[in-house]
Amino acid sequence: PQNFVRVLSVASGLGLATAAHAQQAVMSRYDTPAAGDAFFAVYGANVDGHLAPRGQLTFDFSHRSFVLTDEAGKELASPSAERLLAHASVSFAIANRFLFSVDAPFALAQTGDIVALSATRELAPTEGAAVGELRVGLRARLFGHATDPFQLALAGLVYLPTATDAWGGEGYVHAQPTLQVGGRFKSLRYGAHVGTHVRRSEDPTSLTYAAGLGLSLMNGALFIGPEFHGGVDLIKGNVLDGELDLSSGPAAEVLLGAQARFLKHFVAGLAGGSGLTRAIGSPEARGLVRLAYSPLVDELAREAEPPPDTDGDGFVDPKDACPHTSGIASTDSTKNGCPPPPPDSDGDSFSDSTDACVSVAGVANKNPKKNGCPADTDEDGIDDGQDGCPAEAGSKVVKGADRGCPDKDHDTIADRHDACAAVFGFANENAKNHGCPRAVIGAAEIVINQRLEFAVEKSIILEESFPVLDAVKALLSENMDVELLEIQGHSDDAGDAVKNQYLSQNRARAVLDGLVKRGISDKRLAARGYGSSKPLSPGRTDEDRKRNRRVEFKILRRTRPPKK
């Protein structure tokens, strides 16, 4: 045919002067990553382990990788219709820093159409079995470890002229340096690389790239996610024999893969996808099957084996004076880990047979169940030495210096420091509100006992104030007679008054939105900003201005009088 002037896809091997070279370069669209890498098409940035070998076998099936059309877009021939390749790969990690890898590709089966370029020249199809280019790689980890959120590596691949057919290689040594990044966030893992495929001067150098995102499920037994890879030639190709235009555009392909780990050290995976652009070597469909030996080696998770504890008493043998007999702790290293000496283990002058607390020094008590135990004057179950109120029976849930003190409302705040001792409340920096509810409802307003805090100069409510909004929401839900509540935003007098007015309005609106998100109807709410027009404190100190920066909740309308 004389009208082979347009290629349905574009070539990765541009500027090639012969049909043989055209065949060699255009099919190199997919390179399998090093054995042990997480993704199917993305080169990893991590190097795990020392003297750690890994291996994998990847089968690559591509459908319609090379199609020719005429100027009208009518398909004329498919020089590469089907290809089945196998990649046998091994890698070897050294000192958690370097990774040496080798990949040997083999074409197991290939089919395609013969294309006549002229009366005497043909473009041979992909056909039969063949050996591909042997690829040798070296990766150097520059930053980050196996489980870090960011990892960076520099690597290079060298392609050796071992191919036995024109489709399998360039016919000379060429290389591909790459920059690789990756990382982990809990069960999420990402990776990306960008590289340059450097060929001889008469052949095109191309830019290659890939990115992937994966989710680790079932405690790491399943890894699934999408990947994207492709390339673009950096120079324009020529027209072969004046008839076949090998000019290039970008090649891009998307894959979705899933891999399962079994027998601890083995991984099996499947991936499928399609070319997004119709470039030569970017197939209409691609399927990948992977079987790998990839033991998990994470230098951050490995810990030294703990020293033995022969008698199982919690004291390791090097620190156990009696390693073959279960014992107790002692400040005397010659007795640590040994059985307690009879008859008084705690040295409080009460023999073990009569001591209700044999391991804790105590005092005499007529009650045999408490004899030899620490004193508890108020009998609240808390020793006097740990009881903040030893003469008053109190609560065990109160912490710190107030432990053992009375707490009538059971809010873990001792009554002596609780401003609302009879009502369940919360901690507050303001002593007047410490132990009080976050919000209470009155006849004309809802009073909040904790400030609503916002980001500086913004209307973003800080997360620490969410419980206050929850408390206001609860009161509105309990008091449906409140028909209209005005949320008032107030600012201090510092700065521009117009900006302060605008900020106070936005903050009031943000509070309204927060209550709506919590289920309160917006018909019961109104938001209004008053700027600095209604200060609580007339002064201009930082404390005065802090008091003036506030949000208030005024009840404008109720369906019935408030309860007294």
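This passage walks through the overall make-up of the chain, its disulfides, one pair of packed helices and two individual residues.

The structure is a predicted model. Its chain holds four helices and 23 strands. Out of 564 residues, 43% count as buried. Contacts along the chain can also be sorted by how far apart the partners sit in sequence. Taking contacts between residues at least 6 apart, 53% join residues that are at least 24 apart.

Next come the disulfides. The count for the chain is four disulfides. When the bonded cysteines are numbered along the chain, the links follow the pattern 1-2, 3-4, 5-6, 7-8. Three of these links are worth going through in turn.

One of them joins Cys 322 to Cys 338, with an S to S distance of 1.9 Å. The torsion about this S-S bond is about 90°, so the disulfide of Cys 322 and Cys 338 is right-handed. Both cysteines lie in the loop between strand E18 (285–293) and strand E19 (439–441), so the pair ties together parts that are 16 residues apart in sequence. How accessible are the two ends? Cys 322 is partly exposed, because its relative accessible area is 22%, and the cut-off for buried is under 20%. Cys 338 comes out at 9% relative accessibility and therefore counts as buried.

Another link runs from Cys 389 to Cys 405, again with S to S at 1.9 Å. The link of Cys 389 and Cys 405 is right-handed, with 90° about the S-S bond. Cys 389 and Cys 405 both belong to the loop between E18 and E19, so this pair ties together parts that are 16 residues apart in sequence. Are these cysteines buried or exposed? Cys 389 is buried, with a relative accessible area of 7%, and Cys 405 is buried too, at 1%.

Then there is the disulfide formed by Cys 420 and Cys 436, whose sulfur atoms are 1.9 Å apart. Here the torsion about the S-S bond is 85°, and the link of Cys 420 and Cys 436 is right-handed. Once more the two cysteines lie in the loop between E18 and E19, so the pair ties together parts that are 16 residues apart in sequence. Cys 436 has a relative accessibility of 4%, so it counts as buried.

Now for the helices. Two packed helices are described by the angle between their axes and the distance between the axes. Helix H2 (residues 466–478) packs against helix H3 (residues 497–517) at an angle of about 60°, and their axes are 10 Å apart. The crossing of H2 and H3 is right-handed. Which residues make the contact? From H2 come Leu 469, Val 472, Lys 473 and Leu 476, while H3 supplies Val 511, Gly 514 and Leu 515. Sorted by type, the residues of this contact are five nonpolar, one polar and one charged.

Two residues in strands round off the picture. The earlier strand to look at is E17 (residues 266–275), where Ser 274 is found. With a relative accessible area of 25%, Ser 274 is partly exposed. Ser 274 and His 63 are 211 residues apart along the chain, yet their C-alpha atoms are separated by 9.1 Å. Leaving aside neighbours within four places in sequence, Ser 274 is in contact with Glu 253, Val 254, Pro 283, Glu 284 and Ala 285. For one of these partners, there is a specific atom to point to: the side chain of Ser 274 reaches the backbone oxygen of Glu 284 at 2.6 Å.

The other residue is Arg 558, which sits in strand E23 (residues 550–558). Why is Arg 558 classed as buried? Its relative accessible area is 19%, and buried means under 20%. Arg 558 and Asn 479 are 79 residues apart in sequence, while their C-alpha atoms are 9.5 Å apart in space. Apart from neighbours within four places in sequence, Arg 558 is in contact with Ile 441, Gly 442, Ala 443, Asp 481, Val 482 and Glu 483. Two of its contacts can be described in detail. The side chain of Arg 558 reaches the backbone oxygen of Ala 443 at 3.1 Å, and a polar contact of 3.0 Å joins the side chains of Arg 558 and Asp 481.

Terms used: Residues are numbered from 1 along each chain as its sequence is written. This is a predicted model: local features need pLDDT of at least 70, side-chain atom pairs count only at pLDDT 80 or more; totals for chains, interfaces and linings use all residues. Side-chain values use heavy atoms; hydrogens and water are left out. Axes are lines fitted to C-alpha atoms, for helices over the stretch in contact, and angles run from 0 to 180 degrees between N-to-C directions. A crossing is left-handed if the near helix is turned anticlockwise from the far one by less than a right angle, and right-handed if clockwise. Contact means heavy atoms within 4.5 Å. Ala, Val, Leu, Ile, Met, Phe, Trp, Tyr, Cys and Pro count as nonpolar, Asp, Glu, Lys and Arg as charged, and the others, Gly among them, as polar. A disulfide is a pair of cysteine sulfur atoms within 2.5 Å. Buried means under 20% relative accessible area, exposed over 50%, partly exposed in between (1.4 Å probe, protein chains only). A polar contact is a pair of N or O atoms within 3.5 Å; within protein, one must be able to donate a hydrogen and the other to accept it, and residues adjacent in sequence count only if both atoms are side-chain atoms.
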